[in-house]
Amino acid sequence: MRKAARLIPAAALFSFALPADAHLVTTGLGPIYDGIAHLVMSPADVALVVALTLLAGMRGARVGRTILAVLPISWLAGGLTGLGLPAASRLEWTTGACFLFVGALVAADRNLSTGVVAAVAATVGSVHGFLAGSALSTTPSGGFELLGGLVAMLVVVTLVAGVVVSLKVFWARIAVRVLGSWIAATGLLMLGWTLRSAR
Amino acid sequence: MRATRETPGRTRRAILLLALALASPPSGAWAHAQEGKADGFLTGFLHPISGWDHVLAMISVGVWGAQLGAPAMWLLPVAFPMVMALGGTMGLLGIPLPHTEAGIALSAIVLGAMVFTEARPPLWVAAGVVGVFAVFHGHAHGTELPPGENGLLYSAGFVAATGCLHGVGIAIGLIHRWKGGRLALRAAGAVVALAGVFFVWRLFR
């Protein structure tokens with residue numbers, strides 16, 4: 001009963017707690033963390049990285065390790081190029097196209113060679129990095145934000161590739177293919193949205 | 001005896017804490033979501049499950065796939081979203097597709113009949129039947145999309161909900177391995193087909 005007497009007032013106090021203001025809205029966390037947060041919390045960015053990693057992870061550990069190097073490097077190269085150029089708003093459609101292309105490859109589950117997967121990752125990574133860099137070109141600390149994005153990408157690629165490579169159950173592979181088809185379908189609809197907006 | 005004395009006390013305490021938590025006035029968290037984004041995903045997710053014609057047809061695809069077994073069971077859910085998205089894109093772009101609503105109503109009749117009769121056509125025929133109806137369903141969704149929604153999140157929610165409905169259908173269809181389950185599925189197929197007849201009647205009355 002004494003426990004309850006302590007627990008109930010404590011619960012009541014917690015329930016009526018004032019806002020903590022713990023998200024540093026005004027101060028921010030700095031450009032590196034902003035870059036990390038941007039990649040992790042932007043569905044378009046993170047979904048494309050996950051899709052490319054699924055594609056590589058399905059082909060085994062060797063391709064997974066290759067993508068771990070190719071994707072971040074190509075993304076950074078594209079991003080640095082984009083930093084020097086004004087916002088490339090006319091290339092918005094490429095995000096939908098990349099979703100469609102990579103998602104369809106995951107859904108098809110073809111036996112692609114390491115070179116083909118690396119070429120796909122390099123192309124998509126550099127295009128997407130270019131868009132990210134171009135969007136950051138107007139901010140004063142775009143380079144650091146790009147660096148933060150790179151760190152987040154390395155973590156996401158490592159974790160997702162590790163999980164996918166370890167999938168040995170037949171059903172898990174089917175689930176990855178279904179996920180690929182969802183990504184492709186989303187990309188196709190995004191293309192439709194972009195084309196409708198452009199009209 | 002001791003346990004019987006303690007149990008009501010614990011229950012009272014648990015009820016009291018739960019009531020306290022529910023009664024507390026929670027304020028909106030707005031935890032990092034940019035305005036309108038979560039709304040886009042949720043609106044997209046709710047769209048396919050907001051109409052019985054879509055729900056019954058999508059679940060029937062999953063049930064029929066489970067009746068057909070591998071590879072149809074997983075091929076249909078892999079192919080369907082992409083074909084449906086094609087129809088959705090046509091709708092988004094304003095490309096007309098005549099008798100869309102009739103096609104959707106017909107999909108419930110045909111897919112219900114397939115489940116009812118436990119039809120086993122060749123895989124390409126099954127995929128073709130499902131694919132044709134997927135275009136109608138996608139087109140209707142694409143045409144009805146509300147303006148101003150976030151394209152990516154709306155599309156992701158919309159596709160995920162469709163996939164989940166297939167998953168529900170496949171899960172229901174797994175009772176196919178038992179004799180009673182097979183009968184129940186056939187009965188469910190008949191109900192879906194009858195619902196399709198009702199949808200058609202509602203269109204032309």
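Is B:His99 buried or exposed, going by its C-beta neighbours inside 10 Å?

**View 1. Two residues with positive phi in loops of chain B.** B:His99 counts as exposed, because 11 C-beta neighbours fall inside 10 Å (12 or fewer other C-beta atoms within 10 Å is exposed, 20 or more is buried, and anything in between is partly exposed, with C-beta atoms placed from the backbone). The model shown is predicted, so that local features need pLDDT of at least 70 and side-chain atom pairs pLDDT 80 or more, while totals for chains, interfaces and linings use all residues. Residues are numbered from 1 along each chain as its sequence is written, and chains are lettered from A and ligands numbered from 1 in the order in which they are written. B:His99 sits in the loop between H4 and helix H5 (100-117) of chain B (helices are DSSP runs of H or I with at least four residues, strands are runs of E with at least two, and both are numbered from the N terminus). Its phi is near 55 degrees, a positive value in a residue other than glycine. B:Glu118, in the loop between H5 and helix H6 (123-144) of chain B, also is not a glycine and has a positive phi of about 50 degrees. With 14 C-beta neighbours inside 10 Å, B:Glu118 counts as partly exposed.

**View 2. Helix H3 of chain B against H4 of chain B, with a cis peptide bond in the loop between H3 and H4.** Chain B has 8 helices and 0 strands, and buried residues make up 43% of its 205 residues. H3(B) and helix H4 (residues 72-92) of chain B pack at an angle of about 150 degrees, with their axes 7 Å apart (axes are lines fitted to C-alpha atoms over the stretch in contact, and angles run from 0 to 180 degrees between N-to-C directions). The two helices are therefore roughly antiparallel to each other (over 145 degrees is roughly antiparallel, under 35 roughly parallel, 65 to 115 roughly perpendicular, and the rest oblique). From H3(B), the contact takes in B:Val61, B:Gly62, B:Gly65, B:Ala66 and B:Leu68, and from H4(B) it takes in B:Ala72, B:Met73, B:Leu76, B:Pro77 and B:Phe80 (contact requires C-beta atoms, placed from the backbone, within 7 Å). By class, these residues are 8 nonpolar, 2 polar and no charged (Ala, Val, Leu, Ile, Met, Phe, Trp, Tyr, Cys and Pro are nonpolar, Asp, Glu, Lys and Arg charged, and the others, Gly among them, polar). In the loop between H3 and H4 of chain B lies B:Pro71, which is joined to B:Ala70 by a cis peptide bond with omega of about 0 degrees.

**View 3. Helix H3 of chain B against helix H7 of chain B.** H3 (residues 52-68) and H7 (residues 151-173) of chain B pack at an angle of about 45 degrees, and their axes are 7 Å apart, which means that H3(B) is oblique to H7(B). Contributors to this contact include B:Val55, B:Met58 and B:Ile59 of H3(B), together with B:Thr162, B:Leu165 and B:His166 of H7(B). The residues of the contact divide into 10 nonpolar, 9 polar and no charged.

**View 4. A:Trp75 and the packing of helices H4 and H6 of chain A.** Helix H4 (residues 61-83) and helix H6 (residues 114-136) of chain A pack at about 30 degrees, with their axes 6 Å apart, so H4(A) is roughly parallel to H6(A). Their contact residues comprise 18 nonpolar, 13 polar and 1 charged. A:Trp75, in H4 of chain A, counts as buried, with 31 C-beta neighbours inside 10 Å. Leaving aside residues up to four places away in sequence, A:Trp75 touches A:Gly125, A:Ser126, A:His128, A:Gly129, A:Leu150 and A:Met153.

**View 5. The contact between chains A and B, with A:Ala185.** In this contact, 26 residues of chain A meet 28 residues of chain B. Helix H1 (2-15), helix H3 (43-57) and helix H8 (170-198) of chain A each supply at least two residues of the side that touches chain B, and H8(A) gives the most, with 16 residues. That side of chain A has 20 nonpolar, 4 polar and 2 charged residues. A:Ala185 is in helix H8 of chain A and is buried, with 32 other C-beta atoms within 10 Å. Not counting residues up to four places away in sequence, A:Ala185 touches B:Pro81, B:Met82, B:Met84, B:Ala85 and B:Val159. Within chain A, the C-alpha atoms of A:Ala185 and A:Ala104 are separated by 8.5 Å, although these residues are 81 residues apart along the chain.

Terms used
Two residues are in contact if their C-beta atoms, placed from the backbone, lie within 7 Å.
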